[in-house]
Each structure stands twice: as C-alpha cells, then as structure tokens.
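Biologist: I'd like to learn how to read a few features in this model. Could you walk me through them, starting with how you name the parts?

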Amino acid sequence: MRQRGIGVICPFDMALDRELWRWMPPEVSLFFTRTVFVDEPVSVELALEVSDTADILAAARNLSGVSPEVMAYACTSGSFVNGVAGSDRISAAMECGGAPRGITTSGALVDALDYLAVHRLVVVTPYVADLASLLDVYLAESGRLVVAQSSLGLGENIWQVPYATAIELIRNADVPEAEAIFVSCTNLPTYDILAPLELELGKPIISANQVTAWAALRALGLAAVGPGQRLLA
C-alpha cells in the first residue's frame with residue numbers, strides 16, 4: 001500500500017491529534033507540526049498570533065521535508081480571525097512553503113457548506129464572545145447566515161470539554177430554520193457525537209476537525225472514515 005501524506009500545521013495547544021487520525025483511511029499518514037508557543041488565553045489576540053503567516057511559512061517549509069501531497073492549517077479561529085482574505089493568505093503561505101495545495105479549517109468549512117448546499121446555520125463554539133463573533137463575520141463574508149449561536153466562553157483547556165457538555169450545547173442551540181450546525185474549534189472533541197446528533201436533530205452537524213480531514217482527503221481523491229456522518233456520505 002502506497003503511503004499518502006497530509007501535513008498538518010496546528011496551534012501549539014492542539015491536543016486532538018488522535019481525533020484527526022480517526023477520519024483517516026489506512027493508507028494516509030498525518031505529519032504534524034505546531035506554531036510557536038504564545039502565553040495567551042484563547043482569544044482574538046491568540047488567534048492573530050497563531051495565524052502569523054511568517055510562522056506558517058516556516059512550518060510549511062519544515063513539513064515539506066516529508067513531501068506531503070497537501071497541507072492543512074488546522075485551526076478555525078486562526079483561519080477566520082482575518083476574514084476570507086486571511087484564510088487565503090494562510091493557504092498561500094503553505095503553498096509558498098512547499099505545499100502542493102494548502103487548505104485551512106475555515107476554508108474547508110465553506111467548502112463543506114457548499115457541498116451540503118447550506119446557507120443558514122447554527123454556530124456552536126467554545127470561545128469567548130468577541131472571538132465567536134468574528135466567526136459570524138467570516139461566514140457572512142462567505143455568503144452564509146448564522147441564525148443562532150451558542151458559546152462556552154472558554155479561554156483554556158478546550159480539549160478537556162466532555163462530550164456531554166458539547167451535546168447539550170448543540171441541542172440547546174438548534175433552531176428549526178437552521179439547515180445545519182457547525183461546531184467550531186479543532187481543539188473541541190466531536191468525532192463520536194456527530195452521527196448520533198444528526199439522527200436526533202435531523203440535519204447535518206459538521207465540526208472543525210471533520211471538515212479539515214474531509215477537505216484534505218478530498219484533495220487526495222480519498223474518502224474520510226466517519227460512519228453515519230452526513231458530510232461523508
């Protein structure tokens with residue numbers, strides 16, 4: 001079996017490498033690298049720091065040593081904090097650093113919404129309010145309408161949020177006019193809750209790590225592994 005490689009640039013505090021692996025078919029290897037440590041809570045300021053294009057360019061050059069076929073910047077806030085143009089700059093930085101193709105989590109989200117033909121959505125995040133509001137701005141810029149939003153207001157340890165907390169947040173945020181629900185943040189665990197909640201709520205529920213994995217694999221002509229998840233059907 002020929003190995004297919006995906007390079008992943010993620011924030012220094014990313015703790016869910018294993019979750020991204022769960023979407024991978026057996027022939028794919030993930031090659032991770034992290035941005036420079038910043039002593040800040042999860043905030044607008046941190047999102048700006050971890051999306052520094054010079055740092056991303058350097059990370060991409062490091063990853064190019066193992067010749068991945070695509071690179072993904074696995075951070076939602078870092079790829080929406082500067083709008084669509086900021087996400088595009090990150091993709092360009094990865095490609096300048098050697099990626100045959102560079103994708104971002106927020107760019108992958110827009111592609112997933114296009115694929116599912118979703119215009120109106122609910123957004124669920126772990127973020128503080130001012131950071132969460134910038135996701136609404138990014139989605140509006142991409143032509144989407146956020147009909148409801150709910151956030152946990154966390155500044156740290158997002159990867160420790162239990163499934164039960166995320167499930168309650170998603171259930172309580174849903175509104176009838178939403179065509180789908182997006183669960184933001186690549187550091188928020190979601191893999192096991194997406195398919196059951198989709199059955200319960202009757203609409204697609206997509207998450208940051210899911211769309212990142214889906215878009216990266218799609219660039220390779222491969223399918224992600226996620227039984228029952230509607231994006232992957």
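Modeller: Sure. Helices and strands here are DSSP runs, numbered from the N terminus, with at least four residues for a helix and at least two for a strand. Keep in mind that this is a predicted model. Take Thr190 as a case: its place is the loop between strand E7 (180–183) and helix H9 (194–201).

Biologist: Is Thr190 buried or exposed?

Modeller: The cut-off for buried is under 20% relative accessible area. Thr190 has 1% relative accessibility, so it counts as buried.

Biologist: And which residues is Thr190 in contact with, leaving aside its neighbours within four places in sequence?

Modeller: Those are Glu19, Trp23, Tyr163, Val183 and Ser207. With Ser207 there's also a side-chain polar contact, at 2.8 Å.

Biologist: On to salt bridges. How many are there?

Modeller: For a salt bridge, look for a side-chain nitrogen of Lys or Arg within 4 Å of a carboxyl oxygen of Asp or Glu. By that rule the count is seven. One of them pairs Glu69 with Arg4, where the closest N and O atoms are 2.6 Å apart. Glu69 sits in the loop between helix H3 (53–63) and strand E3 (70–73), and Arg4 is in strand E1, so this pair ties together parts 65 residues apart in sequence.

Biologist: How do the two partners compare with the burial cut-offs?

Modeller: Arg4 is buried because its relative accessible area is 13%, while Glu69, at 26%, counts as partly exposed.

Biologist: Can you show me another one?

Modeller: Try Asp114 and Arg144, whose closest N and O atoms are 2.2 Å apart. Asp114 belongs to helix H6 and Arg144 to the loop between helix H7 (129–141) and strand E6 (145–151), so the pair ties together parts 30 residues apart in sequence. Asp114 is partly exposed at 46%, and Arg144 is buried at 11%.

Biologist: Last topic: cavities. How many of 30 Å³ or more does the structure hold?

Modeller: A cavity is space where a 1.4 Å probe fits but cannot get out. There are two of 30 Å³ or more. The largest has about 170 Å³ of space. Its lining has 16 residues, and the closest to its centre are Pro11, Asp13, Cys75, Ser77 and Cys185. Helix H2 gives the largest share of that lining, three residues. By type, the lining divides into 10 nonpolar, five polar and one charged.

Biologist: What about the second largest cavity?

Modeller: That one has about 40 Å³ of space. Its lining includes Ile6, Val8 and Thr212. Helix H10 gives the most, with three residues, and the lining divides into eight nonpolar, one polar and no charged.

Methods:
Residues numbered from 1 in each chain as written. Predicted model: local features only at pLDDT ≥ 70, side-chain atom pairs only at ≥ 80, totals over all residues. Heavy atoms only, no water. 1 Å grid on protein atoms, 1.4 Å probe; cavity = no way out; pocket = protein on both sides within 12 Å on 5 of 7 lines; lining within 4 Å. Points joined across faces, edges and corners; volume = space filled by probe spheres on them. Nonpolar A, V, L, I, M, F, W, Y, C, P; charged D, E, K, R; others polar. Buried < 20%, exposed > 50% of the residue type's maximum accessible area, 1.4 Å probe, protein only. Polar contact = N/O pair within 3.5 Å; in protein donor to acceptor, adjacent residues only side chain to side chain. Contact = heavy atoms within 4.5 Å.
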